[in-house]
2 protein chains.
Amino acid sequence: MIQPLRRSRPRLPAAERRRQIIDVTTRLIAERGFWGLSMQDVADGCGLTVPGLLHHVGSKDGLLLAVLDYRDEQDARALVAELGDAATVTPREICAALVRRNAGQPEIVRLFAVLEAESLTPDHPAHDYFEARQRRTLEGLTAALKEHTAEPEAVAVRIVALMDGLQIQWLRNPGEVDLVAQWEAAAAMLFADAG
Amino acid sequence: MIQPLRRSRPRLPAAERRRQIIDVTTRLIAERGFWGLSMQDVADGCGLTVPGLLHHVGSKDGLLLAVLDYRDEQDARALVAELGDAATVTPREICAALVRRNAGQPEIVRLFAVLEAESLTPDHPAHDYFEARQRRTLEGLTAALKEHTAEPEAVAVRIVALMDGLQIQWLRNPGEVDLVAQWEAAAAMLFADAG
DNA sequence: GTCTATAGGACGATAGAC
DNA sequence: GTCTATCGTCCTATAGAC
């Protein structure tokens with residue numbers, strides 16, 4: 001009568017489990033930020049216990065970094081798919097594509113909006129990530145704008161600022177603010193002298 | 001030998017103590033957000049125990065609302081002092097005054113930046129406050145723009161978005177981004193057709 | 001107005017079995 | 001790969017003395 005009975009629970013392969021963990025965590029951080037995130041909630045959302053969750057990500061900080069790494073990878077993939085890696089695309093087209101993509105995934109946008117603000121303080125585990133991300137974005141955009149305007153750096157700052165600001169208003173009131181339309185209208189002035 | 005010995009500790013009057021609590025809390029929320037705020041840290045910063053702190057604010061939510069109420073009061077006072085309540089002031093001047101004031105108090109700006117993002121979720125204790133605040137701001141600005149542009153509402157959205165976005169970049173890199181200068185330059189395009 | 005004492009959880013993380 | 005059990009810490013809040 002001794003039952004061999006191994007594995008009454010699913011025991012997903014590590015890669016799939018990791019993917020599930022990242023999905024759940026993305027949703028929860030968007031709702032509550034990193035400081036408001038609890039490992040218990042993530043574990044529950046995955047049908048795991050907390051030690052089970054920690055087996056995959058090591059620590060709470062590790063969990064956050066896993067989410068950000070995954071986003072980088074996805075974003076890079078998506079942008080190449082949409083635009084090709086062509087050098088013929090204008091900065092304005094790049095921005096428009098980005099806004100269109102963001103308009104379709106409010107959860108991700110919220111993830112970044114919350115973490116961007118939270119991580120302003122130097123002891124936030126994503127502080128360095130967001131500092132590097134902002135520098136990379138501004139440098140890339142500045143370079144792309146060089147041949148189109150006299151003040152590429154200042155224009156780049158304005159573009160990023162406007163995108164971030166519009167996203168916040170859109171997230172707070174998705175029904176009333178049309179992200180893509182607002183951006184197109186705003187872009188008309190921003191790119192008045194640029195391409 | 002029986003000592004009457006009452007009050008070995010300061011025992012500040014309630015109003016002063018409340019003011020101190022709000023100051024300390026403002027700094028801590030700017031650093032960690034509301035979810036990351038601990039009553040213990042606030043109490044320590046005031047030289048109080050946690051129950052002593054709770055005596056003044058009732059609960060953690062009450063503490064947050066006290067901070068926001070106080071900010072509303074201060075901001076209204078400051079804006080009237082700077083501009084008078086005159087109807088002769090243009091929207092552009094109002095915005096410029098606001099940006100100049102913000103440039104001098106990064107801690108307060110950070111408080112709002114963090115709470116604005118955190119409070120996107122409906123169960124955040126400041127959710128309603130920020131929703132009302134955004135609506136009030138947009139309506140006021142839209143009204144002020146009515147005589148200056150054909151699309152006052154859309155321009156108002158852009159103005160708010162740009163101010164919020166510039167502030168984030170400035171907060172992350174105060175040395176490299178000059179908030180006032182960036183705003184002046186951006187305002188030149190935003191108000192191209194408006195006053 | 002502030003304290004001590006304490007209730008009653010939730011937290012992140014580790015050890016070790018299976 | 002996932003579990004149970006547990007550690008030690010932190011958390012908000014209440015009761016009641018002074």
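Q: Which residues come nearest to DNA strand D?
A: In this predicted model, the residues that come nearest to DNA strand D are Arg17(A), Thr49(A), His56(A), Ser38(B) and Met39(B), out of 18 residues around the strand.

Q: And how much of what the protein reaches on that strand is sugar and phosphate?
A: Of the atoms of DNA strand D that come within 4 Å of the protein, sugar and phosphate account for 65%.

Q: Which polar contacts go to phosphate oxygens of the strand?
A: Two backbone examples can be given: a backbone N or O atom of Leu12(A) lies 3.3 Å from a phosphate oxygen of DNA strand D, and a backbone N or O atom of Leu37(B) is likewise 3.3 Å from a phosphate oxygen of DNA strand D.

Q: What about the side chain of Arg11(A)?
A: An N or O atom in the side chain of Arg11(A) is 3.1 Å from a sugar or linking oxygen of DNA strand D.

Q: Which helices supply the surface near the strand?
A: At least two residues each come from helix H1 (14-32) and helix H3 (50-57) of chain A, and from helix H2 (39-46) and helix H3 (50-57) of chain B. H3(A) gives the most to that surface, with 3 residues.

Q: How do the residues of that surface divide into nonpolar, polar and charged?
A: The surface near DNA strand D has 8 nonpolar, 6 polar and 4 charged residues.

Q: Changing topic, what rotation superposes chain B on chain A?
A: A rotation of 180°, with 0.0 Å of shift along its axis, superposes chain B on chain A with an RMSD of 0.0 Å, and that is the relation of a two-fold axis. The same surface serves both copies, since 97% of the contact residues of chain B recur in chain A.

Q: Which residues touch the most other members of the largest nonpolar core?
A: Among the 58 residues of that core, they are Ile159, Trp183 and Phe191 of chain A, together with Ile159, Trp183 and Phe191 of chain B. A second, separate core has 56 residues, including Leu63(A), Val24(B), Ala43(B) and Leu115(B).

Q: What does Phe191(A) touch?
A: Leaving out residues up to four places away in sequence, Phe191(A) touches Pro91(A), Arg92(A), Cys95(A), Leu145(A), Ile159(A) and Trp183(A).

Q: Last one: is Gln167(A) buried or exposed?
A: Gln167(A) counts as buried because its relative accessibility is 12%, which falls under the 20% cut-off. Gln167(A) is found in helix H8 (residues 152-172) of chain A, and, apart from neighbours within four places in sequence, Gln167(A) is in contact with Asn102(A), Val109(A) and Leu179(A).

Note on methods
Residues numbered from 1 in each chain as written. Chains lettered and ligands numbered in written order. Predicted model: local features only at pLDDT ≥ 70, side-chain atom pairs only at ≥ 80, totals over all residues. Heavy atoms only, no water. Core = buried A, V, L, I, M, F, W, Y, C linked by side-chain atoms within 4.5 Å. Buried < 20%, exposed > 50% of the residue type's maximum accessible area, 1.4 Å probe, protein only. Contact = heavy atoms within 4.5 Å. Near = heavy atom within 4 Å. Polar contact = N/O pair within 3.5 Å; in protein donor to acceptor, adjacent residues only side chain to side chain. Helix = DSSP H or I, 4+ residues; strand = E, 2+ residues; numbered from the N terminus. Nonpolar A, V, L, I, M, F, W, Y, C, P; charged D, E, K, R; others polar. Least-squares fit on C-alpha atoms with pLDDT ≥ 70 in both.
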